[in-house]
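Reader: I'd like to go through the salt bridges with you and hear the reasoning behind each label. Could you show me the structure?

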Amino acid sequence: MSEKTNRFKIARSFGSATTSYDVSARLQRYCGKHLMPWLPSSHDITALDLGAGTGFFTELLSSRYRQVIGLDVSKKMLHFAKDNRHKRIHWLEADAYKIPLQDNSIDFVYSNLMIQWCDPLDQVLNEIIRVLKPGGLFAFSTLVDGTLFELKSAWAQVDNDQHVIDFQVESEIIALFDGADRKLLHAKQQDIVLAYENVLHLAHELKNLGANHLPKKQGKGLAGKDKWQQMTQKYQEFLQSNGTYPATYKVLSGLVVKSKD
Ligand SMILES: C[S@@+](CC[C@H](N)C(=O)[O-])C[C@H]1O[C@@H](n2cnc3c(N)ncnc32)[C@H](O)[C@@H]1O
């Protein structure tokens with residue numbers, strides 16, 4: 001599948017989840033807030049929220065900074081954001097691979113749980129560095145390999161198809177921030193384990209988040225009912241004593257600076 005077709009499908013997958021997104025976004029909220037200590041203190045700056053989604057954090061940025069731009073590839077996400085967020089935010093429907101902004105024009109790029117959808121990631125990082133001013137900052141959170149290992153392991157015992165997206169390895173992502181034009185100032189990895197009432201609850205949350213697009217999936221549509229039941233049976237091995245089902249999200253967050261010369 002071409003990279004462009006893949007991104008179109010990602011946009012459609014997120015777009016169809018727009019109305020349910022905010023109620024299912026507990027992981028997004030947690031990770032986005034986690035980036036707050038790295039926000040620049042100066043008010044007089046231009047900030048870009050890359051992969052802004054419904055604009056929850058874009059609005060928060062707009063309460064701090066003089067000019068704020070929210071960019072997303074999904075038309076529906078942007079419609080929701082335009083209707084529900086502060087009117088002074090500028091919205092851009094665009095692809096992170098081709099940011100329609102000038103070189104050296106942005107002081108701060110914020111990106112919460114977006115770059116895990118970007119493959120190849122280095123091209124997006126080059127775009128971010130291009131639009132940042134020298135000395136500008138990029139704060140991000142993303143998911144790394146090991147995320148949803150419970151679900152992956154349960155499915156792996158049923159068939160060989162792809163049911164969970166492949167997340168990049170942490171060390172490979174970190175290596176991308178080590179260049180002449182960029183430096184990783186801080187990085188933090190943490191495991192966030194969310195509890196679900198049952199496996200269906202987890203599947204609904206992933207769907208409501210739009211996070212169910214799988215580029216390498218062979219079988220079409222839903223997995224068969226039998227396979228689904230076999231998988232939920234295998235997931236039982238993770239059942240907690242309090243009756244909930246855990247799902248682990250391995251979150252990498254970081255702060256990057258663009259070199260001054
Ligand atoms: C998990 S959501 C996070 C949204 C928001 N940052 C938040 O914290 O609520 C990821 C967002 O990234 C957007 N996205 C995915 N790939 C993108 C790309 N290549 N360019 C721009 N946006 C993209 C999706 O449309 C979706 O709105």
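Reader: What makes Lys250 and Asp191 a salt bridge?

Author: In this predicted model, a side-chain nitrogen of Lys250 lies 3.0 Å from an oxygen of Asp191. The cut-off is within 4 Å, so the pair qualifies. The two residues come from distant parts of the chain, with Lys250 in strand β7 (residues 245–258) and Asp191 in strand β6 (residues 182–196), 59 residues apart.

Reader: Why is Lys250 called partly exposed?

Author: Its relative accessible area is 21%. Buried means under 20% and exposed means over 50%, so Lys250 falls in between. Asp191, at 41%, is partly exposed by the same reasoning.

Reader: How do you know that Arg182 and Asp181 form a salt bridge?

Author: Happily, the test is the one used above: the N to O distance is 2.9 Å, and the limit is within 4 Å, so this pair counts too.

Reader: And are Arg182 and Asp181 buried or partly exposed?

Author: One of each. Arg182 has 9% relative accessibility, which is under 20%, so the label is buried. Asp181 has 31%, which lies between the two cut-offs, so Asp181 is partly exposed.

Reader: What makes Glu127 and Arg130 a salt bridge?

Author: Their side chains meet at 2.7 Å, N to O, and that is within 4 Å, so the label fits. Both sit in helix α6 (residues 121–131), and because they are three residues apart there, about one helical turn separates them.

Reader: Why is Glu127 called buried, and what is Arg130 called?

Author: Glu127 has a relative accessible area of 12%; that is under 20%, so Glu127 is buried. Arg130 has 24%, which is between 20% and 50%, so Arg130 is partly exposed.

Reader: Which residues are linked with Glu127 in a network of salt bridges?

Author: Asp103 and Arg130 are linked with Glu127 in that network.

Reader: Why can such side chains pair at all?

Author: Opposite charges can pair when the charged atoms come close.

Reader: How many salt bridges does the structure hold, and what is the chain around them like?

Author: The structure holds ten salt bridges. The chain has ten helices and seven strands, and 52% of its 261 residues count as buried. Among contacts with a separation of 6 or more, 77% are between residues 24 or more positions apart.

Definitions and conventions:
Residues are numbered from 1 along each chain as its sequence is written. This is a predicted model: local features need pLDDT of at least 70, side-chain atom pairs count only at pLDDT 80 or more; totals for chains, interfaces and linings use all residues. Side-chain values use heavy atoms; hydrogens and water are left out. Helices (H or I, at least four residues) and strands (E, at least two) are DSSP runs, numbered from the N terminus. Buried means under 20% relative accessible area, exposed over 50%, partly exposed in between (1.4 Å probe, protein chains only). Contact means heavy atoms within 4.5 Å.
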